[in-house]
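Biologist: I should like to learn how the features of a structural model are read, beginning with its surface. Please give the general idea each time and then the case at hand.

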Amino acid sequence: MSHYEAPLKLRVVERREVAANIVAFDLEAADYLPLPAFDAGAHIEIDCDGVARQYSLCSDPADPMRYRIAVQLETQGRGGSRFMCERVQVGDALDAAGPRNHFPMNVSQTSALLVSGGIGITPMLAMASTLYAAGTPFDMHDFASAAERQAFVDEIAHAPWCASVTRHLGACSDFGRLVGGFEAGRHLYVCGPFAMIDAVLDAARLRGWPEDHLHCERFAAPSPVSADTATQADIPFEVELASTGQRVSVALGQSVCAALADVGVHVPMSCEQGVCGSCITRVLDGVPDHRDWILSTEEQSSGKVFTPCCSRSKTPVLVLDL
């Protein structure tokens with residue numbers, strides 16, 4: 001579990017299939033007390049039989065008694081989704097941490113455009129509830145490859161904000177037309193397959209949207225480059241633990257997290273791809289070689305934090321706040 005939040009003890013009170021290979025779980029506190037508050041875009045981290053996985057909260061943030069998540073079964077994944085979809089049942093207890101939010105909405109926005117694909121619809125549901133409650137105009141476009149893969153069909157159809165939602169089957173042929181020209185105060189949020197996110201953001205940039213009005217959340221990194229190409233760009237380096245002065249060597253092809261684990265220093269991590277933020281660590285000296293997909297351009301440029309699960313160093317030594 002992450003070291004950033006107090007542990008949560010949750011109980012599954014409902015589970016149901018909301019699309020082909022997508023299961024929704026409603027969760028309550030094991031002690032029946034109100035759950036920690038969260039803002040739209042947040043996620044919780046669940047202990048999936050010894051591996052930590054993050055799932056976006058798709059319930060209404062105004063409900064203090066219940067969290068809802070949805071999990072897409074990935075038969076070729078690393079086990080988290082199979083644990084949730086194949087083993088977790090109503091009444092089961094789950095250990096969790098959070099909520100955390102790397103995909104927050106802008107508090108000063110005057111309108112919003114939400115674009116999702118597949119399981120990327122999950123954070124958008126909480127955003128839609130929040131925007132509707134605040135009286136903020138929004139448009140939501142959701143894409144699925146087939147009708148059976150459209151999630152939360154009944155829930156959205158009966159939501160008070162359903163008129164703001166357009167659902168699409170198949171790929172979009174013109175994201176530029178969908179996003180339209182930039183309007184002052186309007187923010188765009190996109191979540192879904194990697195290629196779709198890039199297509200939406202590129203289309204918005206071509207239409208004049210400024211970077212600070214574009215927001216995305218990625219559930220997975222793109223396919224990695226070949227090992228030979230990656231190694232050519234890598235250099236071996238050392239990380240220094242500021243608390244003890246100990247230096248640990250990081251070899252070619254080895255992650256910082258793995259090198260630290262070899263000497264008994266364990267940094268919480270989950271995705272191992274730089275998309276979840278569990279392992280974000282402060283950098284006190286040295287220049288990180290950022291390879292994540294979660295830190296903002298400003299955060300990467302500052303050099304003050306990095307993701308040791310996948311990022312490396314451009315300098316011989318990287319001093320970490322550990």
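Modeller: Accessible areas come from the Shrake-Rupley method with a 1.4 Å probe, and for residues only the protein chains shown count as cover. By that method the accessible surface of this chain comes to about 15,000 Å², and 52% of that surface belongs to carbon and sulfur atoms. This is a predicted model, in which local features need pLDDT of at least 70 and side-chain atom pairs count only at pLDDT 80 or more, while totals for chains, interfaces and linings use all residues. Residues are numbered from 1 along each chain as its sequence is written, and side-chain values use heavy atoms, with hydrogens and water left out.

Biologist: What percentage of the 322 residues counts as buried?

Modeller: Buried means under 20% relative accessible area, exposed over 50%, and partly exposed in between (1.4 Å probe, protein chains only). Of the 322 residues here, 49% count as buried.

Biologist: How many helices and strands does the chain have, and how is its compactness judged?

Modeller: Helices (H or I, at least four residues) and strands (E, at least two) are DSSP runs, numbered from the N terminus. The chain has eight helices and 18 strands. Its radius of gyration is 20 Å, close to the 20 Å that the globule rule gives for 322 residues, so the chain is as compact as a globular protein of that length. The radius is taken over C-alpha atoms, and the rule is 2.2 Å times the number of residues to the power 0.38. Along its principal axes the C-alpha trace spans about 55 × 50 × 35 Å.

Biologist: Into which domains is the chain divided?

Modeller: Domain bounds come from an automatic or database domain assignment. Here the assignment gives domain 1 (8–100), domain 2 (111–217) and domain 3 (237–320). The C-alpha centres of domain 2 and domain 3 lie 33 Å apart.

Biologist: How should contacts be read, and what covers the buried residues of helix α1?

Modeller: Contact means heavy atoms within 4.5 Å. Among contacts between residues at least 6 apart in sequence, 67% join residues at least 24 apart. In helix α1 (residues 80–87), the buried residues are Gly-80, Ser-81, Phe-83, Met-84 and Cys-85. Their cover includes the strands β1, β2, β3, β4, β5 and β6.

Biologist: How do β3 and β4 pair?

Modeller: Two strands pair if DSSP finds at least two bridges between them. Strands β3 and β4 are antiparallel, with six bridges, and His-43 has Ser-56 in β4 as its bridge partner. Two residues separate the strands of this hairpin, where Asp-49 takes a positive phi near 55 degrees. Five of the six residues of β4 are buried.

Biologist: In what order do the strands of the five-stranded open sheet lie?

Modeller: The order is β13-β12-β18-β14-β16, with mixed pairing. Its edge strands are β13 and β16, each of which pairs on one side only. Strand β14 (residues 281–285) pairs with β16 in the antiparallel sense over two bridges, and Arg-282 stands opposite Val-305 in β16.

Biologist: Is Val-248, in strand β13, buried or exposed?

Modeller: Val-248 counts as buried, because its relative accessibility is 5%. Beyond residues up to four places away in sequence, Val-248 touches Phe-237, Glu-238, Val-239, Ala-259, Leu-260 and Val-263.

Biologist: How is a polar contact recognised, and which side chain does that of Asp-142 meet?

Modeller: A polar contact is a pair of N or O atoms within 3.5 Å; within protein, one must be able to donate a hydrogen and the other to accept it, and residues adjacent in sequence count only if both atoms are side-chain atoms. The side chain of Asp-142 makes such a contact with that of Ser-116, at 2.7 Å. Asp-142 lies in strand β8 (residues 138–144) and is buried, with a relative accessible area of 2%.

Biologist: Which residue's side chain does Arg-16 join in a polar contact?

Modeller: Arg-16, in strand β1, is joined to the side chain of Glu-155 by a polar contact of 3.0 Å.

Biologist: What does the side chain of Thr-315 reach?

Modeller: The side chain of Thr-315 reaches the backbone nitrogen of Val-287 at 3.1 Å. Thr-315 is placed in the loop between β17 and β18.
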